[in-house]
Amino acid sequence: MTGLVGALVEAWDELRVHKLRVLLSLIGVAAAVTAITGVTAAVGMLGQAMREQTERWSGRETTLTVSAYPVTGSGDAARASEAMADVVERYSVAYASRVGWGQMAVELPGGTQILSGQVVDPAYGVIHRIEPGQGRWFAPSDADRLAPTLVVNQAFLDALAVPDVSGHPTVVLQGRQGVLAEVVGAVPDQYPGEPPTYTVLTDQVERWGLSVDPWGAGASPPALELWVPPADVPALRDRVDQDLRAALPGWQVDVTEPVGEAGVLDSASRWVIIAVSGFALLLGGLGLLNIALVTVRQRIREIGIRRSFGATSGRVFFGVLLESVVATLVAGVVGVVLAVVALDALPVDRLLGTALQDEPPFPVSAALTGLACAAGVGALAGLLPALWAVRVKVIDAIRY
Amino acid sequence: MLELTDVTRSVRLADDRVLHILTGVTLRVDAGEHVAVVGRSGTGKSTLLNILGLLDSPTGGEYLLDGASTRRLSGRRRARLRGESFGFVFQQFNLLTGRTVLENVAAPLLYARGRQFWSRNRLAAEMLERVGLGDRLEDMPDRLSGGEQQRVAIARALVRRPRVILADEPTGALDVDTGTAVMTLLDDIARESGAALVTITHDLAVAARSGRHYRLADGVLVPVTLVSPDRPGSLAEWVGDVPTLGASTDGAPAPRAVPAGGAP
Ligand SMILES: Nc1ncnc2c1ncn2[C@@H]1O[C@H](COP(=O)(O)OP(=O)(O)O)[C@@H](O)[C@H]1O
Ligand SMILES: [Mg+2]
């Protein structure tokens, strides 16, 4: 105990005495650790930003998209929808949504309008990372509610002549009969001048017969999106394909796999960072070694004096080694702190052009790797002087 | 407490000859005793002191510490014994550069254990107070005069409460008056703590302070008696070939070098 503390005190004192030189060589080590940690974190954020952007459009990375069309003439869209619901239930897919387009007659203050909107299941919001600016997205229980709920765009709210969704605005939808629907959430318009639009749940559309068919073309069948664990993709793909073909004879069924993209940038840039950081670490280590060699004469005498106090050769070895390990570790900690501060201060949102929904966690592993590398470089740089220090002959050292 | 019997020390030189530095030293130092060793430069006084302090090992003969042989001690054990039992004072002070006076005196306690370790700064400050440097704790050694530096070294040698203080020409780098003051301090402080003091010197006035005196010449230690410390004239006779007080003795012939395996 006192041995370890003593060695640490000694190492720290030694560093204090050679402050400036040590500091200079440690800048490299600190910079390297900052680079390793900071850039890993930044790359993580950039990747996440790209992924989220993509996912808003095409769903999460491992989303299977199933589409089905009647090959001959018209098919029963409702039957397709039901078959899809069966598949979801059979394979217990936690996040699955039918996705279709619908037309509904909406009674707005300015008169009844036929508006088109999306018809989905509640999980669609998770798959596409939808976070309404106001109110909320659909909860699974909304599908079982008697009255339909709507998530609308800003233009829809304007048409309703309500400022926001806080007052639980309602609107009458004309279906087989009129039904009062509650607006539970609103998203900003996607582009200026976007017409009023809405999202409604498939189950509600079916329950109330909300879908109007202005051109008489028959409701188009929905697609099905399944967000599944990557490992399940191949098996599920084939099963879903077979089951739907069996349930929908005469239909064309397509199961589309996700296109893998993200991660390319990840691995390529990581290697560059590692190479550059490794180089910086090496330079820092050489700097430390240089200090050790420059101060050799003084050290010989000091080691001799310390031996006269009762320092064992093990303690001398450990002390000299620890000196550079403590130094590089301190530099490493400084590097990690710098990286944290830098990432915190950077306007990530503005740089990436988008706010992150799931901010990737700080790369603790990268920080630890950086620290470990720093300590390793310290140990390597300290090994030579330490080996040499135990070979110092005490009587020669204090003779002069 | 310390007992050397027929101790020899020889070293092999670069040109493969063997240099016999000590050829048969017998010495006994008891607890609290003050012993002085005089001799010309290069006669092996430092070698003798290093052997006593377990910094060096005899080539032959026996060194008993508290009655136990030191021959088979491990390096680790020697280091511990050295730290616990001996305090060194060197001619060139050997203070650690870049460390404050306080840190210098506390440094030996870094190798101590328990209470001594944890209260090292307090113990060091107390010791510095004792040597009259209580107000210089945070100064760097190079800001101090030679006499003050040697007082720091004395505080450092005593901070672990050693049983033996080994002083290798402690006044060698000081002027006569300062040297006298430093020796007075060293004598007093050793006496207070009950430590034995072995002083090596070629200054006769310094030697005269000790209870027993030896002269190292030709690799052996010869006891000498002091005729009278009040009569400087007798001192030269006493040490024989040592030149006048305090003068340099460099250039004296080194111990004889004889071929390896040859007779001493
Ligand atoms: N390790 C060694 N290698 C070679 N010569 C040595 C060694 N140690 C001591 N000597 C020689 O032995 C002699 C005695 O040295 P030392 O004990 O320092 O004498 P003193 O302290 O009396 O002046 C000197 O001539 C010195 O050069
Ligand atoms: Mg000497």
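Visitor: What makes A:Q242 and A:A246 of α7(A) exposed rather than buried?

Guide: A:Q242 and A:A246 are called exposed because exposed means over 50% relative accessible area, buried under 20%, and partly exposed in between (1.4 Å probe, protein chains only). This is a predicted model, in which local features need pLDDT of at least 70, side-chain atom pairs count only at pLDDT 80 or more, and totals for chains, interfaces and linings use all residues. Residues are numbered from 1 along each chain as its sequence is written, chains are lettered from A and ligands numbered from 1 in the order in which they are written, and side-chain values use heavy atoms, without hydrogens and water.

Visitor: Which residues of α7(A) are buried?

Guide: They are A:V233, A:L236, A:V240, A:D243 and A:L244. Seen down the axis of α7(A), the buried residues fall within an arc of 105°, so they line one face of the helix; the arc is that of the directions from the helix axis to the C-beta atoms.

Visitor: What makes ligand 1 a partner in a polar contact with B:T47?

Guide: A polar contact is a pair of N or O atoms within 3.5 Å. A polar side-chain atom of B:T47 lies 2.5 Å from an oxygen atom of ligand 1, and therefore the pair meets that cut-off. For B:S46, an N or O atom in the side chain is 2.6 Å from a ligand 1 oxygen, while B:K45 places a backbone N or O atom 2.8 Å from one.

Visitor: Where does ligand 1 lie?

Guide: Ligand 1 lies between chains A and B.

Conventions
Near = heavy atom within 4 Å. Polar contact = N/O pair within 3.5 Å; in protein donor to acceptor, adjacent residues only side chain to side chain. Helix = DSSP H or I, 4+ residues; strand = E, 2+ residues; numbered from the N terminus.
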